Amino acid sequence: MTTAPRTGTVTRLVEGFGRVALRPVDPALDAELIHGWVSEERARFWGMRGTSRRLVEEIYEDVDRRDTHHAFLASLDGVPAALFQSYDCTADRVCECYEARPGDVGVHLLIGPPAGPVRPGFTGALLDVFLGHLFGLPGTRRLVAEPDARNAKAVVRLERAGFVRGPEVELPEIHLPEVHLPAKRARLLFLDARPRR
């Protein structure tokens with residue numbers, strides 16, 4: 001299952017916020033920005049602090065080569081605002097921790113540092129666009145999130161978006177040529193597709 005075909009930019013006007021755009025990550029173009037975000041203390045649960053800019057580029061080159069894993073840069077009125085990733089759960093280590101269903105799409109999100117004053121509802125607005133995009137793709141039946149179990153802020157944010165808390169699991173360690181993913185204690189959360197009217 002391809003979780004999000006590589007297409008051009010998807011845009012949506014969010015009332016009260018502005019125009020949110022999602023586009024596939026360009027590893028060479030976006031590595032510097034992403035490296036800056038993942039290097040911050042606030043992004044410690046993303047698991048890439050201490051990673052070099054070149055390794056960030058290599059990681060997203062690897063993601064870009066896959067049909068099952070995808071990365072998107074979200075911008076608000078042209079200003080980069082978040083990194084979103086989606087993946088086919090049956091092609092990821094998460095499938096070793098729960099009984100994956102056909103149509104399960106995994107999600108990761110990293111909100112960038114605010115450009116200007118903090119705006120209430122900012123994260124929710126970006127997340128709504130991303131989740132709406134994924135549910136608009138053929139075959140998506142359920143979204144699965146697996147934030148670090150210690151990241152209470154992310155768990156609460158996902159629950160506010162409608163995700164239902166599942167079990168705490170141990171994601172196994174993964175060694176790839178481009179990246180090493182250590183074992184991770186994660187909280188599973190699930191969001192079923194809503195019936196279309």
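How many residues does helix α3 have, and how far does the helix reach from its first C-alpha to its last? Helix α3 covers residues 122–135, so to speak a run of 14 residues, and it reaches 20 Å, close to the 20 Å expected at 1.5 Å a residue. Keep in mind that this is a predicted model.

Let's stay with α3 for a moment. The helix is mostly covered, with 11 of its 14 residues buried. Among them are F122, F130 and F135, along with L126, L127, L131 and L134. G124, A125, V129 and H133 are buried in α3 too.

**The whole protein**

Now step back. The protein has four helices and 10 strands. Starting at the N terminus, the elements come in the order β-β-α-α-β-β-β-α-β-α-β-β-β-β. Its radius of gyration is 16 Å, close to the 16 Å that the globule rule gives for 197 residues, so the protein is as compact as a globular protein of that length. If you box in the C-alpha atoms along the principal axes, you need roughly 45 × 40 × 30 Å. Of the 197 residues, 46% count as buried. Look at contacts between residues at least 6 apart in sequence, and 64% of these join residues at least 24 apart.

**The sheet**

What is the order of the strands in the open sheet? Eight strands line up as β1-β2-β3-β4-β5-β6-β10-β7, and their pairing is mixed. At the edges sit β1 and β7 (164–171), each of which pairs on one side only. From one strand to the next, the twist averages 25 degrees.

Two helices pack on this sheet, and here is how they lie:

| Helix | Strands touched | Angle with the direction of β4 |
|---|---|---|
| α1 (residues 27–38) | β2, β3, β4 (79–88), β5 (104–111) | about 95 degrees |
| α3 | β1, β2, β3, β4, β5, β6 (142–145), β10 (184–192) | about 40 degrees |

So the helix we began with, α3, touches strands from β1 through to β10 in that list.

**Around β2**

Strand β2 (residues 18–24) is a handy place to see the pairing up close. With strand β1 (residues 10–14), β2 pairs in the antiparallel sense over five bridges. L13 stands opposite R19 of β2. The hairpin of β1 and β2 has three residues between the strands, and G16 takes a positive phi near 85 degrees there. β2 is also joined to strand β3 (residues 69–76) by five bridges, and these two run antiparallel. In that pairing, V20 has L76 of β3 as its bridge partner. As a rule, strands of a sheet pair through backbone hydrogen bonds, either parallel or antiparallel.

**The cysteines**

How many disulfides does a search of the whole structure find? The count is zero. Why does C95 have no such bond? The closest cysteine sulfur, in C97, is 8.1 Å from the sulfur of C95, and that is too far for a bond. Seen from the other side, C97 is in no disulfide either, with the sulfur of C95 as its nearest cysteine sulfur at 8.1 Å. Is C95 buried or partly exposed? C95 counts as partly exposed because its relative accessibility is 30%.

Note on methods:
Residues are numbered from 1 along each chain as its sequence is written. This is a predicted model: local features need pLDDT of at least 70, side-chain atom pairs count only at pLDDT 80 or more; totals for chains, interfaces and linings use all residues. Side-chain values use heavy atoms; hydrogens and water are left out. The expected span of a helix is 1.5 Å times one less than its number of residues. Buried means under 20% relative accessible area, exposed over 50%, partly exposed in between (1.4 Å probe, protein chains only). Two strands pair if DSSP finds at least two bridges between them. A disulfide is a pair of cysteine sulfur atoms within 2.5 Å. Axes are lines fitted to C-alpha atoms, for helices over the stretch in contact, and angles run from 0 to 180 degrees between N-to-C directions. Contact means heavy atoms within 4.5 Å. The radius of gyration is taken over C-alpha atoms; the globule rule is 2.2 Å times the number of residues to the power 0.38.
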